[in-house]
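This report covers a single protein model. The sequence and structure come first, followed by the notes.

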Amino acid sequence: MNMDDFIEFCKEGNPITGEDKKLHGLLIQNSYEAIRITTKLNTSSHSREEIVDIFSELTGNKVDPSFMCFPPFHTDFGKNITFGKNVFLNTGCSFQDRGGIRIGDGSMIGMNVAIATLNHGLDLETRNTTYPSPVVIGKNVWIGSNATILPGVTIGDNSVVAAGAVVTKDVPENIVVAGVPAKFMKKI
């Protein structure tokens, strides 16, 4: 399997076990590529246009010129992130994107937000297997600083995730959630 086929394999949501040396080797190779690109992003100053170009290289897709990120930014895969228009990432975000992260138009992601898309098996026999589940963030979503979004979560359009929240289940449109785990606070 070449790297392009491997990336498609990951985008399809296939699990990977540590015992599959071929797939695990491709995963490590891709992760080091993501580290190389994010190191370039994070270790020197860049114009907004240069940051858009770096994210286009990282994701393997053209990122809209309206995108904005204040580095540092970290990811362990990079090739399964999709940004809409006018998306803003504040400093310190960490994305574990092998399972897929889609961020809709006009969404703002606060400082130090972590988005995870992988779970490990619970049983000892499957603990070294990672199971991907995508995270979908709708349009005009605001995610506050230090929030954590767990695998498989969808956040509906126009919703707000309060700072420090841990989102473990889907968030409907037009509401505010807060807490650990995140719970409904109010309708917008």
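The text below covers helix packing, cysteines, selected loop residues and backbone geometry.

This is a predicted model, in which local features need pLDDT of at least 70 and side-chain atom pairs count only at pLDDT 80 or more, while totals for chains, interfaces and linings use all residues. Residues are numbered from 1 along each chain as its sequence is written, and side-chain values use heavy atoms, with hydrogens and water left out.

**Helix packing**

Helices (H or I, at least four residues) and strands (E, at least two) are DSSP runs, numbered from the N terminus. Two packed helices are described by the angle between their axes and the distance between the axes. Axes are lines fitted to C-alpha atoms, for helices over the stretch in contact, and angles run from 0 to 180 degrees between N-to-C directions. Angles under 35 degrees count as roughly parallel, over 145 as roughly antiparallel, 65 to 115 as roughly perpendicular and the rest as oblique.

In helix α1 (residues 3–11), the buried residues are F6, I7, F9 and C10; buried means under 20% relative accessible area, exposed over 50%, and partly exposed in between (1.4 Å probe, protein chains only). These residues lie on the same side of α1, because they cover an arc of only 155° around the axis. The arc is that of the directions from the helix axis to the C-beta atoms. The buried residues of α1 pack against β1 (16–17) and α2.

The axes of α1 and α2 are 10 Å apart, at an angle of about 95°, so α1 is roughly perpendicular to α2. In this pair, M3, F6, I7 and F9 of α1 meet L23, L26, L27, Q29 and N30 of α2, where contact means heavy atoms within 4.5 Å. The residues of this contact divide into seven nonpolar, two polar and no charged. For such counts, Ala, Val, Leu, Ile, Met, Phe, Trp, Tyr, Cys and Pro are nonpolar, Asp, Glu, Lys and Arg are charged, and the others, Gly among them, are polar.

Helix α2 (residues 21–42) also packs with helix α3 (residues 48–59), at an angle of about 175° and with the axes 10 Å apart. The two are therefore roughly antiparallel. On α2 the contact is made by E33, A34, R36, I37, T38, K40 and L41, and on α3 by I51, I54, F55, E57 and L58. Seven nonpolar, one polar and four charged residues make up the contact of α2 with α3.

**Cysteines**

The structure holds zero disulfides, a disulfide being a pair of cysteine sulfur atoms within 2.5 Å. For C93, the closest cysteine sulfur is in C69, at 6.8 Å, too far for a bond. C93 is buried, at a relative accessible area of 0%, and C10 is buried at 1%.

**Loop residues**

The table lists the accessibility of four loop residues.

| Residue | Loop | Relative accessible area |
|---|---|---|
| E19 | β1 to α2 | 56%, exposed |
| N112 | β8 (108–109) to β9 (114–116) | 40%, partly exposed |
| S133 | β11 (129–132) to β12 (135–137) | 25%, partly exposed |
| N174 | β17 (166–167) to β18 | 22%, partly exposed |

Not counting residues up to four places away in sequence, S133 touches G99, T117, P151 and G152.

**Backbone geometry**

The peptide bond from P71 to P72 is cis, with omega near 10°, and P72 is in the loop between β2 (68–69) and β3 (73–75). V180 and P181 are also joined by a cis peptide bond, with omega about -5°. N112 has a positive phi near 60°, and phi of N174 is near 60°.
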